[in-house]
Amino acid sequence: MARIILVSGGARSGKSHLAEKLAASASEKRFYLATAPVVDAEMEYRVKRHQQDRAAAGWTTIEEQTDLAGAIRKAKQE
């Protein structure tokens, strides 16, 4: 049975690392719902780095800032 774990926290709080660790031990099929807006060059760099790291590890990334329910529905369909 699939389960959804919500990890929330402030910017640079370690939530990405924790979420990836939890998912890696829980499932073969991994989705990453990325919600952060890109507001400056540093954030753009960090987002690109995260995208590359997740792609290399076999994640499917869904980028969505507002329609989280829609993004979860999309993940369930894939």
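Where does Leu33 sit? Here are some notes on that and on a few other spots; please keep in mind that this is a predicted model.

1. **Leu33 and its patch.** Leu33 belongs to strand E1, which covers residues 30–34. Its relative accessibility is 32%, so Leu33 counts as partly exposed. On the surface, Leu33 joins Ile4, Leu68 and Ile72 in a nonpolar patch. Together these four residues offer about 330 Å² of accessible area.

2. **Ile62, on strand E2.** Ile62 is part of strand E2. With 6% relative accessibility, Ile62 counts as buried. Setting aside neighbours within four places in sequence, Ile62 is in contact with Phe31, Tyr32, Leu33, Ala34, Ala71, Lys74 and Ala75. For Tyr32, the C-alpha to C-alpha distance to Ile62 is 6.0 Å, although the two are 30 residues apart in sequence.

3. **The span of helix H2.** Helix H2 takes in residues 41–56, 16 residues in total. From its first C-alpha to its last, H2 reaches 23 Å, close to the 22 Å expected at 1.5 Å a residue.

4. **The two faces of H2.** Which residues of H2 are buried? They are Met43, Arg46, Val47, His50 and Arg54. These buried residues cover an arc of only 100° around the axis, so they lie on the same side of H2. In general, an α-helix has 3.6 residues a turn, so residues three or four places apart point the same way. The face turned away from the buried side of H2 carries the exposed residues Ala41, Tyr45, Gln52, Ala55 and Ala56.

5. **What H2 packs against.** The buried residues of H2 pack against helix H1 (15–26), strand E1 and strand E2 (59–63). His50 is a good one to look at in the viewer: this residue lies in helix H2 and is buried because its relative accessible area is 18%, under the 20% cut-off. Not counting residues up to four places away in sequence, His50 touches Ser16 and Glu20.

6. **The salt bridge.** How many salt bridges does the structure hold? There is one, and it links the side chains of Lys48 and Glu44, at 3.2 Å from N to O. Both partners lie in helix H2, four residues apart, or about one turn of the helix. Is Lys48 buried or partly exposed? Lys48 has 44% relative accessibility and therefore counts as partly exposed. Glu44 is partly exposed too, with a relative accessible area of 38%.

Definitions and conventions. Residues are numbered from 1 along each chain as its sequence is written. This is a predicted model: local features need pLDDT of at least 70, side-chain atom pairs count only at pLDDT 80 or more; totals for chains, interfaces and linings use all residues. Side-chain values use heavy atoms; hydrogens and water are left out. Patches are made of residues with over 30% relative accessible area and no salt bridge: like charges are joined within 9 Å, nonpolar side chains (Val, Leu, Ile, Met, Phe, Trp, Tyr) within 5 Å. Accessible areas come from the Shrake-Rupley method with a 1.4 Å probe; for residues, only the protein chains shown count as cover. Helices (H or I, at least four residues) and strands (E, at least two) are DSSP runs, numbered from the N terminus. Buried means under 20% relative accessible area, exposed over 50%, partly exposed in between (1.4 Å probe, protein chains only). The expected span of a helix is 1.5 Å times one less than its number of residues. The arc is that of the directions from the helix axis to the C-beta atoms. Contact means heavy atoms within 4.5 Å.
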